[in-house]
Amino acid sequence: DSELNVSIVSMSQGSIEVKGFACDAKLGGSDFTSSLVNLLLEKTKMKYKIDPSKNPRSMLRFRQAAEKLKKSLSINTVMPFDVQSCMNDVDVSFMVKREEFEEAIQDLVQRIENPILKALELSNVKKEDLFAVEVLGGASRVKIVKEKIRAIFGKELTQSLNPDECFAMGAGFQAALLSPQFKVDLKVKDISMHNVMIEWKDENGNKKQNELFKQFNSFP
């Protein structure tokens with residue numbers, strides 16, 4: 001699973017502060033891939049009279065090929081979709097247009113705006129006051145996704161980091177901040193993106209629950 005996260009961040013020399021956050025937990029790169037897979041399955045059923053979704057191994061290879069195609073369509077307007085010996089020794093091969101993919105994900109693209117506006121509202125920041133809009137993650141490769149975000153903010157986007165590696169880099173950097181073995185000359189004020197609860201059972205077996213962090217509380 002994956003989700004769309006929007007963070008409004010204030011950056012200055014030696015300091016980073018998260019001002020606001022919003023997300024759509026049911027919208028992410030895997031959802032765009034799933035829409036493309038459904039499109040490709042329909043084409044495959046029509047042309048070859050087979051259904052790879054009925055076979056887990058065939059479906060795994062089919063989805064891997066769809067993920068590769070999704071990345072290729074971000075650069076090219078037309079690309080071949082190929083799965084050798086996809087199912088019952090049938091080789092699947094046909095051309096796919098970017099506009100077909102974009103049509104299949106129109107409903108997902110329309111959902112991008114709400115979390116962006118929500119994050120701006122919670123941070124009390126106007127989109128006109130933003131210095132830069134950085135897009136990250138696998139879905140940021142999709143041309144129509146970038147066009148939608150560009151239209152919402154009314155400015156060009158920046159992609160200064162590898163869209164796939166950036167999250168691992170962030171996790172490693174956060175670990176360095178927490179580790180006593182490293183000195184990082186940077187102050188980071190982050191917030192809890194969701195309510196964080198703790199749950200346990202008392203000596204009588206009764207379930208107990210307590211709130212550790214409220215949503216948007218600063219991390220200690």
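How much space lies in the largest pocket? In this predicted model, the largest pocket holds about 2000 Å³ of space, and its lining is made up of 47 residues, among which Ser-7, Val-9, Glu-134, Leu-136 and Phe-167 lie nearest the centre. Several elements give two or more residues to that lining, namely strands S1 (4–12) and S2 (15–24) together with helices H1 (29–48), H6 (143–153) and H7 (166–178). By residue class, the lining of the largest pocket divides into 32 nonpolar, 12 polar and 3 charged residues.

We turn next to the aromatic rings. A search of the whole structure finds 2 aromatic pairs. In one of them, the rings of Phe-62 and Phe-81 have centres 5.1 Å apart and planes at 70 degrees, and because planes over 60 degrees apart count as edge-to-face, the pair is assigned to that class. This pair links distant parts of the chain, since Phe-62 belongs to helix H2 (residues 56–72) and Phe-81 to strand S3 (residues 78–87), with their positions 19 residues apart in the numbering.

Phe-81 also pairs with Phe-94: here the ring centres are 5.5 Å apart and the planes stand at 45 degrees, so the pair is tilted. Because Phe-81 lies in strand S3 and Phe-94 in strand S4 (residues 90–97), the pair ties together parts that are 13 residues apart in sequence.

Ring pairs thus link Phe-62, Phe-81 and Phe-94 into a cluster. As for burial, Phe-62 is buried, Phe-81 counts as buried because its relative accessibility is 1%, and Phe-94, at 10% relative accessibility, counts as buried too, the cut-off being under 20%.

How values were computed: Residues are numbered from 1 along each chain as its sequence is written. This is a predicted model: local features need pLDDT of at least 70, side-chain atom pairs count only at pLDDT 80 or more; totals for chains, interfaces and linings use all residues. Side-chain values use heavy atoms; hydrogens and water are left out. On a 1 Å grid over the protein atoms alone, a cavity is a set of points where a 1.4 Å probe fits but cannot get out, and a pocket is an open set with protein on both sides within 12 Å along at least five of seven lines; lining residues have an atom within 4 Å of a point. Grid points are joined across faces, edges and corners, and a volume is the space filled by probe spheres set on the points. Helices (H or I, at least four residues) and strands (E, at least two) are DSSP runs, numbered from the N terminus. Ala, Val, Leu, Ile, Met, Phe, Trp, Tyr, Cys and Pro count as nonpolar, Asp, Glu, Lys and Arg as charged, and the others, Gly among them, as polar. Rings of Phe, Tyr and Trp (its six-membered ring) pair if their centres lie within 6.5 Å; planes under 30 degrees apart count as stacked, over 60 as edge-to-face and the rest as tilted. Buried means under 20% relative accessible area, exposed over 50%, partly exposed in between (1.4 Å probe, protein chains only).
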